[in-house]
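Here are my notes on the structure, set out as numbered points. Please read them with the sequence and the model side by side.

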Amino acid sequence: MSEKEKVCEHHKDKRRKIFRRIFAGILIFLFIVLVVILIIWAILRPSKPSFVLQDVTVYAFNASVPNFLTSNFQVTLTSRNRNDKIGIYYDRLDTYVSYQDQQITYRTSIQPSYQGHDEVAVWSPFVYGTNVPVAPFNFVTLSQDQSNGNVMVLIKVDGRVRWKVGAFISGRYHLYVRCPAFITFGPRSNGIAVGENAVKYQLVQRCSVSV
């Protein structure tokens, strides 16, 4: 090998060592950042928000057409951020009503919002459905429940949230909220008439929340 080739090979080796050191430095830096974030996350211990279904107002609940349901609800939900040092971004929240694991209304979107430390948010969306198809086996049970004066439905909220710790904002997480609502009809109704064909049920029911 000539002297010139030896010099070129030496320079190549030197560049490779420099690149390896730079790459190793970047990996170490990223690892340290990740460890710091995980330590902060573990210390702060973020808690999922708590949801309470305050009330449900029923404006329509008509199952007179076989295998179809027309309904109109207004629900009042409160959400509390139980964290002292962590904020919550609600990027998307969709509310709807289900019966026997079947969706019986359309989805209603709640305006995106930010919830600070220990703050409480209140939402009162309308959720409704016109001639929504109901599975025949569910419709039979639904008709029987309504005739008996008791219908159990679930107020559901599906969405995406992000956590804010100081200047750090996490990625998006799925939020699932399930609130049971016991609706009574006829002589057994414990609701309060609040207008023509509208009945309000005070529930104050805790909801299950998973993130």
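1. Of the 211 residues of the protein chain, 36% count as buried. The model is a predicted one. The accessible surface of the chain comes to about 12,600 Å², and carbon and sulfur atoms hold 58% of that area.

2. The secondary structure consists of two helices and 14 strands. As for how the chain packs on itself, take the contacts with a separation of 6 or more: residues 24 or more positions apart make up 72% of them.

3. The largest nonpolar core has 40 residues. Two or more residues each come from β1 (50-62), β2 (68-80), β3, β7, α2 (136-148), β9 (150-165) and β11. Strand β9 gives the largest share, seven residues. Within the core, L53 and V153 have the most contacts.

4. L53 deserves a look of its own. Leaving aside residues up to four places away in sequence, L53 touches V75, T76 and L77, then I155, then C179, P180 and A181, and finally L203, V204, Q205 and C207. Both cysteines in that list take part in the bond described next.

5. A search of the whole structure finds one disulfide. It joins C179 to C207, with an S to S distance of 2.0 Å. The two cysteines are 28 residues apart, so to speak of the sequence alone, and the pair links distant parts of the chain: C179 is in strand β11 (residues 173-184), while C207 is in the loop between β13 (198-206) and β14 (208-210). The torsion about the S-S bond is about 105°, so the disulfide is right-handed.

6. Are the two cysteines buried or exposed? C179 has a relative accessible area of 0% and is therefore buried. C207, at 13%, is also buried, because the cut-off is under 20%.

7. S98 is in strand β3 (residues 87-99). With a relative accessible area of 2%, S98 is buried. Its side chain makes a polar contact of 3.5 Å with the side chain of K156. Apart from residues up to four places away in sequence, S98 touches Q103, I104, V153, L154 and K156. One of these, V153, was named above for its contacts in the nonpolar core.

8. Two backbone angles should be checked by eye. Most residues other than glycine have a negative phi. Q100 has a positive phi, near 50°, and D118 has a positive phi, near 60°. Q100 lies in the loop between β3 and β4 (102-103), and D118 in the loop between β6 (113-115) and β7 (120-123). Q100 is partly exposed at 46% relative accessibility, and D118 is partly exposed at 34%.

9. The structure holds eight salt bridges. Side chains of opposite charge can pair when their charged atoms come close. In one of the eight, K200 pairs with D55, and the closest N and O atoms are 4.0 Å apart. This pair links distant parts of the chain, with K200 in strand β13 and D55 in strand β1, 145 residues apart. D55 is buried, with a relative accessible area of 8%, whereas K200 is partly exposed at 27%.

10. D118, already noted for its positive phi, forms a salt bridge with R80, the closest N and O atoms being 3.8 Å apart. R80 is in strand β2, 38 residues from D118 in the β6 to β7 loop. R80 has a relative accessible area of 37% and counts as partly exposed.

11. R107 forms a salt bridge with D94, the closest N and O atoms being 3.9 Å apart. R107 lies in the loop between β4 and β5 (108-110) and D94 in strand β3, so the pair ties together parts that are 13 residues apart in sequence. R107 is partly exposed at 41% relative accessibility, and D94 is buried, with a relative accessible area of 10%.

12. Which residues are linked with D94 and R107 in a network of salt bridges? The other members are R92, D158 and R178.

How values were computed: Residues are numbered from 1 along each chain as its sequence is written. This is a predicted model: local features need pLDDT of at least 70, side-chain atom pairs count only at pLDDT 80 or more; totals for chains, interfaces and linings use all residues. Side-chain values use heavy atoms; hydrogens and water are left out. Helices (H or I, at least four residues) and strands (E, at least two) are DSSP runs, numbered from the N terminus. Buried means under 20% relative accessible area, exposed over 50%, partly exposed in between (1.4 Å probe, protein chains only). Contact means heavy atoms within 4.5 Å. Accessible areas come from the Shrake-Rupley method with a 1.4 Å probe; for residues, only the protein chains shown count as cover. A polar contact is a pair of N or O atoms within 3.5 Å; within protein, one must be able to donate a hydrogen and the other to accept it, and residues adjacent in sequence count only if both atoms are side-chain atoms. A disulfide is a pair of cysteine sulfur atoms within 2.5 Å. A nonpolar core is a set of buried Ala, Val, Leu, Ile, Met, Phe, Trp, Tyr and Cys residues joined through side-chain atoms within 4.5 Å. A salt bridge is a side-chain nitrogen of Lys or Arg within 4 Å of a carboxyl oxygen of Asp or Glu.
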